[in-house]
Every structure is written in C-alpha cells, then in structure tokens.
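Hi everyone, thanks for coming. I'd like to walk you through one structure today, so let me put it up on the screen.

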Amino acid sequence: VTEPRADRPHMPNYGLETSAPLLDWPWARYRLRRSRDYWIATVRPSGAPHLMKVWGEWRDDDTFAFSSDPASTKVRNLVGEPRCSVATEDVDDLVVVEGRVRELRADELDAFLAHYNVKYDALDPGWGELSADFGPFWVVEPVVAFGCVETDHRFTQTMTRWNFT
Amino acid sequence: VVEGAALVTPRASRPYAPGYGIKPASEGSLLDWSWAEERLVASRGYWLATTRPDGRPHLSPIWGVWVADSFCFGCGEESRKARNLRENPRASVSVDSTLEPVTVEGVVEPLGDQLRGAYRDAYQSKYDVDVGEIEGTHLRLVPGIAFGSIDDERFPDIATRWEFA
C-alpha cells in the first residue's frame, strides 16, 4: 500500500507552526487500527449532519469497513450522500478520515468478518460474533485525513493532513 | 433563575435504531436528561459535525461549554466549521466518550450578548482560558434532538432519544 502524501493544512488564525515536523502515516494508522469505537459523520437528506458511534475495522489497505442495518439513519444518509467522515475514539490524540463509502464486495467478506471478530474478541471478550447475516457491510475509502496531538496544546506543532489522491 | 442553569426538560423516548435489539420505551427505562446534561457539562473535548457547502460532512474536535441549555463554542471566522455554519447552521455535537455517548443535533446561532458573561466564566473555569481574548466568532448550538446511551449490556434497555420543543 502506498502511503498518502503529508502536508500541514491551511488553518488561518490557529497559529500552526509551519516548520514543526509532520506526523507520519504509521502514527495515524496505528490509532485507526487500535480504536475500539469510531465516530461516523454523515449528512441527512435535509442537509443536517448526523453523528453516530460505530464499530469497525481499519484494514491493511487503509480503508475502513463496518456493518450497519440498511434501515439505520447512517445508511439511509449514505445512500443519498456517500461522502462521510470517520474519527478515532480519542479526541485528544485523534485521526479524522474523510472519504466515500461503497458496499463491501463479496470477495472481501470472509477476511473482514475474521479480522473484525479477532479484534472485538480481544477488546470485548464474550460480546458475540459478527456473521454474514449482519450485513450489509460498508467500506470507506479515504480521500483526505487529518491527525493531531491535542494533549499539552501540541496541536499547533503536530496538525497534519494526508492526501490519498 | 440562575444564569446558565437548565431551563428545559426535553421529552424522552426510545431511538429508532433497527438491528440493535433496542426494546420499546414501555420496557426497560429511559435515561434522565440530567444524566445527559452532566456529561455535556463535564466533557473536556467534543466532536462537532457540520455540513460543507458541497454537501459533505465535516468532523472536527472542539472545546466548548454547556451553558443555558446549549453548546457554546468559539472558532476562527475563516475556519472550515465557521464557513460551513454560515451556509448551513445545522450541526451535531457529541461528548468525548463512546462508552457513555451523548449526541446533540440542532441549529447554531450567534452566542448573543446576554450569554457572553456566563460563557466566559464557564470557559475560564473549565479550561483556564479567557475566551474573550480569543479572536473569532462565538456561537451556540441549540438542541433539537439528542441521543444518549450506555455501551454495555444495558444498552437495549436504556438508549434514549430526547426531543426539544
């Protein structure tokens, strides 16, 4: 997998230090992989943003896979507007990924279920098991991502953007 | 009436979330709004979702305070979120907890002179920052609906949706 190109985003009046080193993509990938919960932001047909917690798996190809009922608010939103944002659970040491959702392909299903169940068995022993019955399944393909360390106000020195296109 | 104190009690019901085994409101129990409010007051960081002019969601971390039944925050005049909110004032905010999440959806309006004192005091005592000295725009998200739950075996019996008049 090729790593995305990193730069410092333009954020007027936030005092970002242009000369401080950028975070590297493995820093972000590590946090995306280990997060138990994620926030997903979608947009309702009315234009109002919707924020919901999901479980999912950050995969080796740097995409995010998750399951959700077809009648859920987030899926109904994604059918109308497939562009969405996904964030890690820790707001002080964070990664936000902006991308576009598609349905998981049949040839991706077995690996996804296996990895997902290993992840959540380790994090939440006895929670149950995700099976093919819980579909449909979705994949967010990143376009751009942001990461920073907010702890100790290091946000101005660490804010990094990654470009996938 | 104490400045900044809770003035409203929203109507509680069970959220619509198919496939998650949520019980009807007649079974289990609903969370008190005071439970949600405690978390909205106490959270150090928050997630704010807005909608970009092109229809995509934007998700970013933010600091803020819960004052007078609303989420009060500041941001740069030319920040992505401020520009989004000028075009579309609808937003969602959630506390920094995926284990006891509270999410509020509503409409953002200017803070207004009446709340400025309570906002500044709350911000000062929470972050030890004088928000009056921060350049930018100061806003408040007034809730329309809210969601709260506890992420353990109680979830199906306790997930709650609140509706504000």
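**Strands first, then the interface**

Let's start in β9(A), where W162(A) is the bridge partner of A6(A). Please keep in mind that this is a predicted model. That pair belongs to a wider pairing: strand β1 of chain A, residues 5–7, runs antiparallel to strand β9 of chain A, residues 160–163, over 3 bridges. β9(A) also pairs with strand β8 of chain A, residues 137–149, again in the antiparallel sense, this time over 4 bridges. There you'll find F146(A) opposite R161(A) of β9(A).

Now, on to where the chains meet. How many residues does each chain bring to the contact? Chain A brings 38 and chain B brings 41. Between them, the two chains bury about 3,100 Å², with 57% of that on carbon and sulfur atoms. On the chain A side, the residues losing the most area to chain B are W39(A), P49(A) and L51(A), which together account for 21% of what that side buries.

There's plenty for those of you who like electrostatics, too. The rule finds 7 salt bridges across the interface of chain A and chain B. One to look at is D92(A) with R44(B), whose side chains meet at 3.3 Å, N to O. For polar contacts, the rule finds 14 residue pairs across this interface, both residues at pLDDT 80 or more.

And which element of chain A gives the most to the side touching chain B? That's β6(A), with 5 residues. By class, this side of chain A has 14 nonpolar, 10 polar and 14 charged residues.

Thanks, and I'm happy to chat afterwards!

Notes:
Residues are numbered from 1 along each chain as its sequence is written. Chains are lettered from A and ligands numbered from 1 in the order in which they are written. This is a predicted model: local features need pLDDT of at least 70, side-chain atom pairs count only at pLDDT 80 or more; totals for chains, interfaces and linings use all residues. Side-chain values use heavy atoms; hydrogens and water are left out. Contact means heavy atoms within 4.5 Å. Buried area is the accessible area (1.4 Å probe) that two parts lose on being put together, summed over both. A salt bridge is a side-chain nitrogen of Lys or Arg within 4 Å of a carboxyl oxygen of Asp or Glu. A polar contact is a pair of N or O atoms within 3.5 Å; within protein, one must be able to donate a hydrogen and the other to accept it, and residues adjacent in sequence count only if both atoms are side-chain atoms. Helices (H or I, at least four residues) and strands (E, at least two) are DSSP runs, numbered from the N terminus. Ala, Val, Leu, Ile, Met, Phe, Trp, Tyr, Cys and Pro count as nonpolar, Asp, Glu, Lys and Arg as charged, and the others, Gly among them, as polar. Two strands pair if DSSP finds at least two bridges between them.
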